[in-house]
Amino acid sequence: MRKPQYLLFALNSGASLPFKRLCISQEHLNIKAQIISNLSFQVYSCLDLPRILLAASGSVAAIKFGNLCHCFSEWAEVKAVATKASLHFIDRASLPKDLKLYTDEEEWSSWGKIGDSVLHIELRRWADIMVIAPLSANTLGKIAGGLCDNLLTCVVRAWDYSKPIFVAPAMNTFMWSNPFTEKHLMTIDELGISLIPPVSKRLACGDYGNGAMAEPSLIHSTVRLFLESRPQPSD
Ligand SMILES: Cc1cc2nc3c(=O)[nH]c(=O)nc-3n(C[C@H](O)[C@H](O)[C@H](O)COP(=O)(O)O)c2cc1C
């Protein structure tokens with residue numbers, strides 16, 4: 001059974017400081033705080049926070065992964081998965097302090113014998129939704145081909161496609177315009193995976209063109225809007 005979760009909304013005023021203190025002091029109760037407007041009012045409600053599995057693969061845009069994790073952690077339960085290549089770009093110090101980042105090492109170190117839980121299956125079971133940002137050309141190709149040789153691709157290969165997956169590709173414009181990209185995107189579209197398209201700008205390598213990951217704020221708002229606009233059980 002899920003642990004009860006409490007979401008506190010403070011409609012912000014001069015009273016927001018005590019409110020912040022209250023939230024900090026109640027961290028052990030799993031309280032998430034959100035300050036949503038300029039009025040002095042507080043609402044307490046009890047609900048299940050969405051469980052979001054954020055994943056990063058080895059695009060240079062993984063330097064923004066910490067930012068993305070912070071955005072989602074403000075209103076959701078978040079766990080993270082990173083490929084070996086993405087770890088070259090992720091600054092672990094930039095991640096939220098209470099965020100658990102899983103790598104291929106944990107996939108193997110958490111398993112010792114038959115009967116032990118298997119991390120990619122546990123994560124697949126735990127998550128309500130998965131967001132892969134950035135999605136590298138390599139991981140895109142592997143997902144489209146059904147390959148699963150690391151934690152991230154094993155989660156996707158085991159995924160229940162009635163639950164949403166969003167991907168935000170990020171790659172050099174030559175990779176993006178390569179014919180493989182379109183083929184792979186068509187295949188993952190058939191699986192029901194939602195694309196948050198890349199944008200055109202000057203890329204990390206100096207080239208100008210399409211292939212840069214959408215901004216974390218756009219990825220965050222797209223997913224949040226999607227979740228909030230879904231019919232709720234009581235509707
Ligand atoms: C400095 C550097 C930057 C890279 N940037 C990207 C990128 O933006 N997008 C991409 O698809 N691959 C990029 N690559 C290549 C991937 O890191 C490589 O294909 C890797 O195998 C991806 O592994 P993963 O998909 O398991 O994370 C880059 C490689 C290097 C060395």
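Two strands are said to pair if DSSP finds at least two bridges between them, and helices (H or I, at least four residues) and strands (E, at least two) are DSSP runs numbered from the N terminus. The model described here is predicted, so that local features need pLDDT of at least 70 and side-chain atom pairs count only at pLDDT 80 or more, while totals for chains, interfaces and linings use all residues. Residues are numbered from 1 along each chain as its sequence is written.

**The sheet**
- An open sheet is formed by 6 strands in the order S6-S5-S4-S7-S8-S9, with parallel pairing.
- Strand S6 (100-102) and strand S9 (194-195) are at the edges with a single partner strand each, so one side of each is left without a neighbour in the sheet.
- Strand S4 (residues 51-56) pairs with S7 in the parallel sense over 4 bridges, and Leu53 stands opposite Met130 in S7.
- Helix H2 (residues 65-73) lies across S4, strand S5 (77-82) and S7, and runs at about 175 degrees to S4, where axes are lines fitted to C-alpha atoms, for helices over the stretch in contact, and angles run from 0 to 180 degrees between N-to-C directions.

**Core and buried positions**
- The largest nonpolar core (buried Ala, Val, Leu, Ile, Met, Phe, Trp, Tyr and Cys residues joined through C-beta atoms within 7 Å) has 52 residues, and those with the most contacts inside it are Leu54, Val81, Val155 and Ala168.
- Ala82, found in strand S5, counts as buried because it has 25 C-beta neighbours inside 10 Å; a residue is buried with 20 or more other C-beta atoms within 10 Å of its own, exposed with 12 or fewer and partly exposed in between, the C-beta atoms being placed from the backbone.
- Leaving aside neighbours within four places in sequence, Ala82 is in contact (C-beta atoms, placed from the backbone, within 7 Å) with Ala56, Leu87, Ile90, Leu101 and Thr103.

**Helix H5 and the ligand**
- Helix H5 (residues 137-145) provides the largest share of the shell around the ligand, 3 residues, and the buried residues of H5 are Ala137, Thr139, Leu140, Lys142, Ile143 and Ala144.
- These buried residues pack against strand S7 (129-135), helix H6 (151-157), strand S8 (165-169), helix H7 (173-176) and helix H8 (179-191).
- Of the 14 residues around the ligand (C-beta atom, placed from the backbone, within 6 Å of it), Ser57, Gly58, Ser59, Thr83 and Ser136 come nearest.

Terms used:
Contact = placed C-beta atoms within 7 Å.
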